[in-house]
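Let's take a friendly walk through a protein model together. Have the sequence and the 3D view open as you read.

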Amino acid sequence: MRVLCARHPHLGLIAALRRYPELRGEPVILGGAPELRLPVVAASAAAQAAGVCIGQPLRQAQQCCPAAVFVPLDPAGIDTLRAAVCTELHRLSPTVEAGDEEAFGDLSGRHAEFPDEAAWASALARGLRGVLDVEIAVGVAGSRFVARLAARASHPGRIRRIRTGDEARFLAPLPLDVLPVDPAVTARLAAFGLDCLGAVASLGPADLQRQFGSDGLRLHRLARGEDGAGILPAPAQRVWSERLVLEGATGDLETLLRGVRQCATTLGVRLAAETLAAGEVSVAFELEEAAAISTSGVPAAPPGNAGELWTAALGLLGELQPPAPVAAVRVGVTRLAPAAGRQADLLRPGDGAREAVVATAERLRSRFGAATVRRPRLALDPGDLPERRFTWEVPVVAGSTR
Amino acid sequence: MSDSLSAALATLRSRYGPQALRRGGSPEEAGAWPTAVPVLDDVLTSGGLPRGRVTVLAAAGRGPSGRLTLLQSLVALASRSHGTGYVDLAGSLDPGFLADLGADLDACLVISPGPERWERGLVMARSLVSAGMPWVGIALGWEQPRPGLWEHALAALAEAVAKRGAVCVIATPAPAAAPLRHASSLTLVCAPAGWQRANGDVSGLRVRLTTAKSKLGAPGAEATVLLRYPRPYAAAEVLGLPSVVVPRLQPVVVPVPDVVGVSAARG
């Protein structure tokens with residue numbers, strides 16, 4: 001596998017600079033007003049040069065850089081930029097992942113348009129630069145961890161490629177604090193006299209496992225660049241909605257019921273045609289000269305046809321008390337998944353019942369809380385306390401990306 | 001048929017309608033899930049716990065009765081062959097003990113709805129059974145909410161269990177609630193018969209099991225099992241003890257060819 005990692009300024013900072021272009025080159029701190037007891041989320045190069053660090057309190061950042069401009073986070077702007085980054089990466093890569101400061105793309109295999117990997121990576125970097133309008137540091141390697149470090153070792157506008165087999169040599173001189181492990185583990189490694197990843201990689205896996213348990217094996221793989229972690233694509237969130245504009249705003253309950261039923265029926269027919277079921281249902285009333293009100297919920301059983309969706313929407317209607325006449329109603333469904341137990345299951349790989357149980361468990365967690373449905377697992381290093389004999393984990397279908 | 005009986009039947013039919021008297025059938029048929037514990041499979045039940053029915057392990061009184069250990073042993077046994085769900089309304093599950101019982105933890109889902117959330121726990125169990133979970137165990141706690149809050153959820157669970165042919169075992173403290181007694185197709189009452197000791201240590205609990213209710217056969221069978229706790233290098237197990245075994249009663253043959261039951265029809 002080959003992974004491309006592109007490092008760029010925080011998407012919130014880019015969104016803020018697009019909104020206030022006059023701040024380009026100025027010290028800008030992202031996180032909110034300095035009076036708030038919040039940490040610094042991101043800072044421009046000028047602010048960082050003045051001593052502002054990510055994570056420090058905003059008030060402290062103000063003392064470091066009194067001339068800085070404080071801007072709040074703009075979640076909508078960040079989501080828009082992230083979607084644009086994903087779209088651009090998807091043009092040239094089959095699997096992509098976009099974070100706040102990093103984006104990953106899959107460069108495994110060959111691309112018909114490019115003669116080699118370097119040209120392919122250059123095209124991706126150029127595309128990202130065009131979307132974000134900033135210079136990007138790019139790293140390409142055989143795993144996520146090494147690609148991320150290669151991007152850190154690169155410079156804006158440059159690509160650092162680590163050839164297959166050269167990972168251990170690239171990692172060897174790097175300090176221990178680049179390892180994504182508990183700082184206590186790093187401190188213990190340092191106490192053993194190990195000062196770089198090469199020293200850790202030279203130890204045997206059995207020695208590391210003896211000292212650190214399962215973390216030791218992970219350390220060994222990381223230090224050799226064999227972590228094997230790839231790209232974690234965010235699941236596509238499909239949202240379907242149906243909106244009905246009423247003939248004149250009204251507060252009549254019967255009219256609203258008919259409107260919601262019509263929307264639910266249309267959506268339900270569409271769900272049944274696609275053999276999908278909705279994990280979450282929402283109902284919204286758009287009010288005349290007032291903000292819309294909405295409610296959503298996770299139904300007991302995921303609705304997959306008109307009747308089931310109407311029942312779910314009807315259950316939500318009681319929570320909506322419109323304070324003004326309603327101009328339009330909207331019914332939405334999200335977290336769409338293949339409807340378990342229907343004909344389409346025959347076409348899916350794997351054990352349909354098992355997948356249905358796991359999907360049900362996920363839905364129950366959404367409805368009743370994350371700690372309500374879990375799977376116990378025996379701990380590898382149990383220690384002396386009975387409660388350390390096991391850990392809890394969220395059940396997933398083997399081979400799935402959830 | 002004697003004249004007096006014929007007259008009585010005619011009176012009942014004329015008073016309550018022709019459907020008031022019906023021919024009684026043989027005990028209902030249900031598939032069985034063998035537990036691999038001979039006492040349970042052969043003496044107390046017919047081949048194992050019934051599929052598509054609700055089985056209740058009821059404590060005979062306050063104090064330890066062994067019902068939760070027995071339930072967890074059955075969950076452990078079931079997890080070796082297919083997925084199982086354990087609804088922990090008692091709040092007493094130790095997954096380490098489940099592992100000691102030989103459970104395949106990868107096949108176990110633990111549902112923790114919170115104490116006294118019987119309705120939520122039963123709803124979650126029903127959802128999992130409807131999704132295809134073939135075996136579900138429910139451990140009820142001492143604090144019993146008002147039956148009106150959860151009896152509908154229990155009825156829905158029983159319906160889902162019947163529809164999917166799943167095995168559902170509910171462990172309840174004494175006294176068992178009325179909706180639970182009604183929904184149960186097989187009720188085994190667990191009464192402690194003393195600690196099993198070895199070399200001065202407690203090595204297990206002897207439990208006397210009695211079939212208090214059975215829609216699948218005649219009730220009344222009794223047997224004693226030993227719930228042996230896990231030892232070093234050995235898993236826990238359920239053993240049938242060579243105690244006095246009371247066999248199941250044979251169904252009574254009524255010498256009336258066409259009438260053995262009276263329905264609940266009311267005039």
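The report below looks at the meeting of two chains, then at the cores, and finally at some backbone details. Please keep in mind that this is a predicted model.

**Where the chains meet**

Start with the place where chain A touches chain B. Here 23 residues of chain A are in contact with 20 residues of chain B. Two elements of chain A, helix H14 (352-368) and strand E13 (373-378), each supply at least two residues to the side that touches chain B. Of the elements of chain A, H14(A) gives the most to this side, with eight residues. What kinds of residues make up the side of chain A that touches chain B? They divide into 16 nonpolar, two polar and five charged.

Strand E13(A) also pairs across the chains: two bridges join it to strand E6 (residues 108-111) of chain B, and the two strands run antiparallel. To find this pairing on screen, look for A:Val373, whose bridge partner in E6(B) is B:Ile111.

**Inside the cores**

In soluble globular proteins, nonpolar side chains tend to be buried together. In this model, the largest nonpolar core has 84 residues. Which residues have the most contacts inside it? They are B:Ala125, B:Val136 and B:Cys190. Take B:Cys190 as an example: leaving aside residues up to four places away in sequence, its contacts include B:Leu57, B:Ala58, B:Leu70, B:Val207 and B:Leu209. There is also a second, separate core, which has 65 residues, among them A:Val96, A:Phe104, A:Val138 and A:Ile162.

**Backbone details**

Most residues other than glycine have a negative phi, and most peptide bonds are trans. The table lists two residues that are not glycine and have a positive phi.

| Residue | Phi | Location |
|---|---|---|
| A:Asp133 | near 65° | loop between helix H5 (117-132) and strand E7 (137-141) of chain A |
| A:Arg335 | near 50° | strand E12 (residues 326-338) of chain A |

Is A:Asp133 buried or exposed? It counts as exposed because it has 10 C-beta neighbours inside 10 Å, and the cut-off for exposed is 12 or fewer. A:Arg335 has 19 other C-beta atoms within 10 Å, so it is partly exposed; a buried residue needs 20 or more.

Chain B offers a backbone detail too. The peptide bond from B:Ala174 to B:Pro175 is cis, with omega near -5°. You can find B:Pro175 in the loop between strand E8 (167-172) and helix H7 (178-183) of chain B.

Technical notes
Residues are numbered from 1 along each chain as its sequence is written. Chains are lettered from A and ligands numbered from 1 in the order in which they are written. This is a predicted model: local features need pLDDT of at least 70, side-chain atom pairs count only at pLDDT 80 or more; totals for chains, interfaces and linings use all residues. Two residues are in contact if their C-beta atoms, placed from the backbone, lie within 7 Å. Helices (H or I, at least four residues) and strands (E, at least two) are DSSP runs, numbered from the N terminus. Ala, Val, Leu, Ile, Met, Phe, Trp, Tyr, Cys and Pro count as nonpolar, Asp, Glu, Lys and Arg as charged, and the others, Gly among them, as polar. Two strands pair if DSSP finds at least two bridges between them. A nonpolar core is a set of buried Ala, Val, Leu, Ile, Met, Phe, Trp, Tyr and Cys residues joined through C-beta atoms within 7 Å.
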